[in-house]
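Work through these exercises with the model open. Each task is followed by a worked solution.

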Amino acid sequence: MNKSTDGSLSMLASDNASGVHPLVLEALAEANHGHSLGYGNDPWTARMDECFRETFGGHVEVFAVTTGTAANVLALKGMLASHQSILCSDVAHLLVDECGAPENVIGSKLVGIPSPDGRLDLAAVEAHLQKTAGIVHHSQPGVVSLTQVTERGTLYRAEEIAALVDLSRRHGLRVHMDGARLANAAVALGLTLRELTTELGIDVLSFGGTKNGLMMAEAIVVLNPALADSYGFIRKQGMQLVSKQRFLAAQFLAYFDNQLWQRNAEHANRMAALLAESLQQYPSVQLNSPVEANMIFATLPEDWVEPLQQVSYFNLWNAATSEVRLITGFDTRHEDIERFLAAVADLEQRTV
């Protein structure tokens, strides 16, 4: 199966497979008129900064970057020393899918805390803290990093984040949020972005846009003013200070304008809910995690996987159990879902 398509094959592999929202493309085209100073000394960046402050709080500092890996790694680099460790879920993208970038760039150890549903468990975090505190042979925990939405498609409720922040504060730790899909979480929970981050005590946020309609724009949002001073240098040293930064800023301006981020995430979540509700009707399909945002984990009959991938490509998450991951995006169409479900219905009929 050729995973690269011309668009004729609908994609459930990832929201990274989605295109760029037309309003974002328009904003990029508008920013392309004439010349402007580089390295963030342009009016688009100034307006972007103001948009982030209106959204997250007037005191925040924002540093646009091009990739989620850069956002996560550089955000964390400004939060701890190399002898300190980062506690995260054992299925966190940070731990599993960054090719060791955090350890390589920061020099700090990542510690995976067992998290069957993707969410950090308070008791497990507390147990690790008690086990390592003050022992010179162990890296000392410095940061707790949580992912919203988690890698299992689950959500942290506001009270769960507040409890993690409280635990972290009692042990002198800072809190980072990988918010690659924060927009999907916010609309699912009916909360503002600020209510889900700043007001809960998150120190630094990696804010995602690429998965929700932007071309290639992510941001480090420093919510704790005490940490802000070093990030300009960290971004430059980390090779993420983009010379033509107005093209990153223009994407975020379109993203915040008329709540495009919210509309895109609402649509992606709605498509996932529609797909999940329909899949539950088939006896041969088992949903393995709550469908709370735009991600579905399901077990299919092994011989269904390849035929369905020919209809709409998706990732086989665990070959041993035939678990698959389906992700919807801002541009997933009803007809995409209907075509996929028609193929499921045909396979179910053959199975019976």
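**Exercise 1.** Locate K211 and decide whether a salt bridge holds its charge.

*Solution.* K211 sits in the loop between β7 and β8. Strands here are DSSP E runs of at least two residues, numbered from the N terminus. The model is predicted: local features need pLDDT of at least 70, side-chain atom pairs pLDDT 80 or more, while totals for chains, interfaces and linings use all residues. Residues are numbered from 1 along each chain as its sequence is written, and side-chain values use heavy atoms, without hydrogens and water.

Next, check burial. K211 is buried (under 20% relative accessible area, 1.4 Å probe, protein chains only). Then check charge. K211 has no salt bridge (a Lys or Arg side-chain nitrogen within 4 Å of an Asp or Glu carboxyl oxygen). The nearest side chain of opposite charge, D15, is 5.2 Å away. Finally, list contacts (heavy atoms within 4.5 Å). Beyond four places in sequence, K211 touches D15, N16, A180 and R181.

**Exercise 2.** Is N212 buried or exposed?

*Solution.* Place N212 in the loop between β7 (204–208) and β8 (218–222). Its relative accessibility is 4%, so N212 counts as buried. Contacts outside four places in sequence include Y255, W261 and F330.

**Exercise 3.** Which strands pair with β13?

*Solution.* Pairing needs at least two DSSP bridges. β10 (residues 295–299) pairs antiparallel with β13 over five bridges; F297 partners R325. β12 (residues 315–318) pairs antiparallel with β13 over three bridges; L316 stands opposite V324. Now test burial. Five of the five residues of β13 (residues 323–327) are buried, so the strand is largely enclosed by the rest of the structure.

How values were computed: Helices (H or I, at least four residues) and strands (E, at least two) are DSSP runs, numbered from the N terminus. Buried means under 20% relative accessible area, exposed over 50%, partly exposed in between (1.4 Å probe, protein chains only). Lys and Arg count as positive and Asp and Glu as negative; His and the chain ends are not counted.
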